[in-house]
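Here are a few short exercises to work through with the model open in your viewer. Try each task before reading its solution.

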Amino acid sequence: DTAGLREGGDEVERLGIERTWRALEGADVALLVTDSVDGLTAGDREIVSRLPQGLARIHVLNKIDLTDKTPTIRSGDPPEVLVSAKTGAGMDLLRAMLLQAAGWEKSAENLFVARERHLRALVEASGHLAAAAVQQERWEFFAEELRLAQRALRGITGEFTADDLLGEIFSRFCIGK
């Protein structure tokens, strides 16, 4: 969830919009939420045309409580789900679509099937953590391996920055000159 993608606004909003476009480059799926009464506007179509190629999309038509429409999933490209955020109608359908887009497969064991990209990131992070474990006496190498592990994990979560990691390190250790 981000600032949105409309044009205009002040400098802070413009920076938020730029951040949203950068986040879309690393996203696995995009939810295009529109009003079910108005449908896709010209502005919505412009946004859709600028989305990264190959990015999975789900079109969420909200506010069905204002219409005679019922919660449903419509197949297509992109698939559509009709919901009401106000009443909660159709939210279970949206959750199911998101789980499917994330690679969730309900099997006899109820296992989560991770995307190959996630598995590669975990293997890479594990390698950097193992390298960090043998560098504990050399703080600069230890910190660098942790930074590289964090960067690999960020490929999955996109949440924790290198500055956050350094803040954690410095808050827990007394590192002198």
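**Exercise 1.** Find the residue of strand 4 that stands opposite Val60, keeping in mind that this is a predicted model.

*Solution.* Start with the two strands: strand 2 covers residues 56-62 and strand 4 covers residues 80-82. Three bridges join them, and they run parallel. Now look across from Val60: the residue standing opposite in strand 4 is Val81.

**Exercise 2.** Work out the strand order of the sheet and say which strands stand at its edges.

*Solution.* The open sheet is formed by four strands in the order 1-2-4-3, with mixed pairing. Strand 1 (29-35) and strand 3 (72-74) each have a single partner strand, so one side of each has no neighbour in the sheet and these two stand at the edges. From one strand to the next, the twist averages 20°.

**Exercise 3.** Determine which strands helix 3 lies across, and at what angle to strand 2 it runs.

*Solution.* Locate helix 3 at residues 91-101. This helix lies across strand 1, strand 2, strand 3 and strand 4. Relative to strand 2, helix 3 runs at about 175°.

**Exercise 4.** Is Ile156 buried, partly exposed or exposed, and which nonpolar surface patch does this residue help to make?

*Solution.* Ile156 lies in helix 5. Its relative accessible area is 31%. Buried means under 20% and exposed means over 50%, so a residue in between is partly exposed; Ile156 is therefore partly exposed. Together with Leu119, Leu122 and Leu153, Ile156 makes a nonpolar surface patch of about 310 Å². Helix 4 (116-133) and helix 5 (139-157) are the elements giving two or more residues to the patch.

Notes: Residues are numbered from 1 along each chain as its sequence is written. This is a predicted model: local features need pLDDT of at least 70, side-chain atom pairs count only at pLDDT 80 or more; totals for chains, interfaces and linings use all residues. Side-chain values use heavy atoms; hydrogens and water are left out. Two strands pair if DSSP finds at least two bridges between them. Axes are lines fitted to C-alpha atoms, for helices over the stretch in contact, and angles run from 0 to 180 degrees between N-to-C directions. Contact means heavy atoms within 4.5 Å. Patches are made of residues with over 30% relative accessible area and no salt bridge: like charges are joined within 9 Å, nonpolar side chains (Val, Leu, Ile, Met, Phe, Trp, Tyr) within 5 Å. Accessible areas come from the Shrake-Rupley method with a 1.4 Å probe; for residues, only the protein chains shown count as cover. A salt bridge is a side-chain nitrogen of Lys or Arg within 4 Å of a carboxyl oxygen of Asp or Glu. Buried means under 20% relative accessible area, exposed over 50%, partly exposed in between (1.4 Å probe, protein chains only).
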